[in-house]
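Here is a colleague's note for someone opening this structure without having seen it before. Please keep the sequence and the view at hand while reading the points in order.

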Amino acid sequence: MYDELDVLQAINDHAIWACALGALAFLANWTYFYACVQGARRDRCSPMALWGTTIFIAHDGSFLVNAEHWWTDYDGVAGAWMLPLFWCGLIVTFSFEAVFFSQTVRYGRNEYAPRLTQGQWTAYCVAALAVGIIFFAVAKAYLDDPIYLMTFLVTYAMCAPATFQAVARRGDSAGLSPLLTTTYLLIGVFFVGLTTGVIGSEPAGAPFRDGLWLLCSVVVLAMAVVLIRLQRTLPPPGTTFVGRDGRAGHEAESRAR
């Protein structure tokens, strides 16, 4: 898909912009994840769909376990300083993802599988995590994305559908907040600015100004805007709603049990 050495050179040639946008993207990401944890604890609900959490853990965890590769195998390569910085940043995101998983285990049973015992639900979550890790490892082995730039956009994009699924099930704004939805949008703005605006300004960055990449960027930013709109228009947590079949949906007490 792209030559990582040429891309790292492009990053090195635009070091100030690359560092600024990369740092802002990570800061927005950390704040977004904090808001997810905060909302889940406040409303006693899972922070997002389980499948999303398992993919995020697999993605960031696979990058972290290859620490030696990022810290030593690119010695002497222009722009290679970005890879250890990226590795350090993912330590924070992975830590938040571990909390996501624990919150899903703790709060998710009543929401997604009320007929299971807590032990059965925990076993299910662990099995889902194992499957997510295995399938991501297989997919990554066949992707031509050596420094994870493409997969970062993909995993970022998964956050919105993982949240939409939970919102559709609840029918209210449980787990959401203005901080969460705003910072989610900012992650996309800064990352697209880094990849398309900075890397894409050089010949080596041609894949980041390809029509499909641009389309994906527009779609994920549009989903972020929709998430902001949902947070502003949905009723507050615990509001009883009626589904299309005329049956009442959950109430706050169902999450409190």
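The points below go through charged pairs, unpaired acidic residues, a surface patch and some loop residues.

1. The coordinates come from a predicted model, and the remarks in this note should be read with that in mind. A search of the whole structure finds 2 salt bridges, and these two pairs make a convenient place to begin. As background, side chains of opposite charge can pair when their charged atoms come close.

2. One salt bridge joins arginine 170 to glutamate 111, with the closest N and O atoms 2.4 Å apart. This pair links distant parts of the chain, since arginine 170 belongs to helix H7 and glutamate 111 to helix H5 (residues 82–112), with their positions 59 residues apart. Are the two partners buried or exposed? Arginine 170 counts as buried because its relative accessibility is 3%, and glutamate 111 is likewise buried, with a relative accessible area of 10%.

3. Another salt bridge is formed by arginine 42 and aspartate 43, whose closest N and O atoms are 2.8 Å apart. Arginine 42 has a relative accessibility of 43% and therefore counts as partly exposed, while aspartate 43 is buried, with a relative accessible area of 12%.

4. Arginine 169 deserves a separate look, and its place is in helix H7. Which backbone atom does the side chain of arginine 169 reach? The side chain of arginine 169 comes to 2.5 Å from the backbone oxygen of glutamate 111, and glutamate 111 is also the salt-bridge partner of arginine 170. With 43% relative accessibility, arginine 169 counts as partly exposed. The C-alpha atom of arginine 169 is separated by 16 Å from that of glycine 39, a residue 130 places away along the chain.

5. Aspartate 145 is found in the loop between helix H6 (118–142) and helix H7 (149–170). Why does aspartate 145, although buried, have no salt bridge? The nearest side chain of opposite charge, that of lysine 140, is 5.3 Å away, and because a salt bridge requires the nitrogen and the carboxyl oxygen to be within 4 Å, this pair does not qualify. A polar atom of the aspartate 145 side chain does, however, lie 2.8 Å from the backbone nitrogen of threonine 151. Leaving aside residues up to four places away in sequence, aspartate 145 touches Tyr2, Lys140, Met150 and Thr151.

6. Aspartate 60, found in helix H3 (residues 50–65), is also buried and without a salt bridge. How far away is the nearest side chain of opposite charge? That side chain belongs to lysine 140, and it is 12 Å from aspartate 60. When residues up to four places away in sequence are not counted, the contacts of aspartate 60 are Leu90, Thr93, Phe94 and Glu97.

7. On the surface, Val131, Ile134, Phe135, Val138 and Tyr142 make a nonpolar patch of about 590 Å². One of these residues, phenylalanine 135, has its place in helix H6 and counts as exposed because its relative accessibility is 60%.

8. Two residues should be checked for their backbone angles. Arginine 44, in the loop between helix H2 (15–43) and H3, has a phi near 55 degrees, which is a positive value in a residue other than glycine; at 32% relative accessibility, arginine 44 counts as partly exposed. Tyrosine 148, which lies in the loop between H6 and H7, has a phi near 65 degrees, again a positive value in a residue other than glycine, but tyrosine 148 counts as buried, at 4% relative accessibility.

9. The last residue to consider is alanine 80, which lies in the loop between helix H4 (67–72) and H5. Alanine 80 counts as buried because its relative accessibility is 11%. Which residues does alanine 80 touch, if those up to four places away in sequence are not counted? The contacts are with Leu8 and Tyr74. Measuring from C-alpha to C-alpha, alanine 80 and glutamate 4 are 9.7 Å apart in space, although 76 residues apart in sequence.

Terms used
Residues are numbered from 1 along each chain as its sequence is written. This is a predicted model: local features need pLDDT of at least 70, side-chain atom pairs count only at pLDDT 80 or more; totals for chains, interfaces and linings use all residues. Side-chain values use heavy atoms; hydrogens and water are left out. Helices (H or I, at least four residues) and strands (E, at least two) are DSSP runs, numbered from the N terminus. Buried means under 20% relative accessible area, exposed over 50%, partly exposed in between (1.4 Å probe, protein chains only). Lys and Arg count as positive and Asp and Glu as negative; His and the chain ends are not counted. A polar contact is a pair of N or O atoms within 3.5 Å; within protein, one must be able to donate a hydrogen and the other to accept it, and residues adjacent in sequence count only if both atoms are side-chain atoms. Contact means heavy atoms within 4.5 Å. Patches are made of residues with over 30% relative accessible area and no salt bridge: like charges are joined within 9 Å, nonpolar side chains (Val, Leu, Ile, Met, Phe, Trp, Tyr) within 5 Å. Accessible areas come from the Shrake-Rupley method with a 1.4 Å probe; for residues, only the protein chains shown count as cover.
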